[in-house]
Amino acid sequence: MIGETLQLGSWLDITRLSLHVLAASIWVGGQLVLAGLIPTVRDFGEGATQKVARVFGRLSWPAFWVLIATGVWNYLAVAHGSVAASWMVVFSIKMICVVVSGFGAYRHTKAATPSARGMYAGISALGSILALVLGVALAG
Ligand code: HEM
């Protein structure tokens, strides 16, 4: 911002956003990295992909719940004053993307056919990336 002196955030703001961004890097980055690793994991033999997917779920779902908890914390911290209507619109669209992201990932784990698994993985990845980009827009 022109004319304003850039200030450091408080330690509480740094903690809040660091936890949110760390969890986003695991949830979103993890999905993308896993997608890139899967063709190689498949070569490790029967059941290898399922094993890696199970372990990934043990890491990624806690990150998703941390995102929800720190997301509520973010909202309470930044939206208590007056927020622009455009901020609220972006926030609402982001919430839809978060639901799509979680729903896609859940259905991906329950899908019976490879094509359904792929479709839900794609839906989750898209929702996750959009939630991340809209989050950056909210933080300004
Ligand atoms: C898939 C789930 C989510 C992802 C990937 C995600 C990602 C992000 C990212 C990358 C930022 C930008 C942080 C920065 O630039 O400093 C952000 C900010 C934000 N997120 Fe999320 N987020 C998610 C879920 C949520 C949820 C569930 C909520 C609310 C209940 C939420 C509320 C917010 C708010 C209010 C900000 C702005 C924070 C600020 O300006 O200090 N997020 N998010």
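This is a short talk on a predicted model, covering its nonpolar core, its ligand shell and one of its helices.

Okay, let's start with the core. The largest nonpolar core has nine residues: Ala23, Ala24, Trp27, Val28, Leu67, Cys97, Val98, Ala131 and Leu132. At least two of them come from each of helix 1 (11-42), helix 3 (85-110) and helix 4 (114-139). Helix 1 gives the largest share, with four residues.

Pick out Cys97 for a second. Which residues does Cys97 touch, leaving aside those up to four places away in sequence? They are Gly127, Leu130, Ala131 and Leu134. Ala131, you'll remember, is in that core as well.

Now, the ligand. There are 22 residues around it, and the closest are Ala24, Gly71, Asn74, Gly135 and Ala139. So what classes of residue make up that shell? We get 16 nonpolar and six polar residues, with no charged ones. As for where they sit, helices 1, 2, 3 and 4 each put at least two residues into the shell.

Last stop, helix 2, which runs 48-78. Leu67, Thr70, Gly71 and Asn74 are its buried residues, and these pack against helix 1. Two of those names you've just heard: Gly71 and Asn74 are among the residues closest to the ligand. Leu67, meanwhile, belongs to the core.

Helix 2 also has a bend of about 30 degrees, at Gly57. And how far apart are its end C-alpha atoms? They are 44 Å apart; with 31 residues at 1.5 Å a residue, the helix should span 45 Å, so the two values agree.

Key. Residues numbered from 1 in each chain as written. Predicted model: local features only at pLDDT ≥ 70, side-chain atom pairs only at ≥ 80, totals over all residues. Core = buried A, V, L, I, M, F, W, Y, C linked by C-beta atoms within 7 Å. Buried ≥ 20, exposed ≤ 12 C-beta atoms within 10 Å, placed from the backbone. Contact = placed C-beta atoms within 7 Å. Near = placed C-beta within 6 Å. Nonpolar A, V, L, I, M, F, W, Y, C, P; charged D, E, K, R; others polar. Expected span 1.5 Å × (residues − 1). Bend = angle between axes of the 7 residues up to and from the residue.
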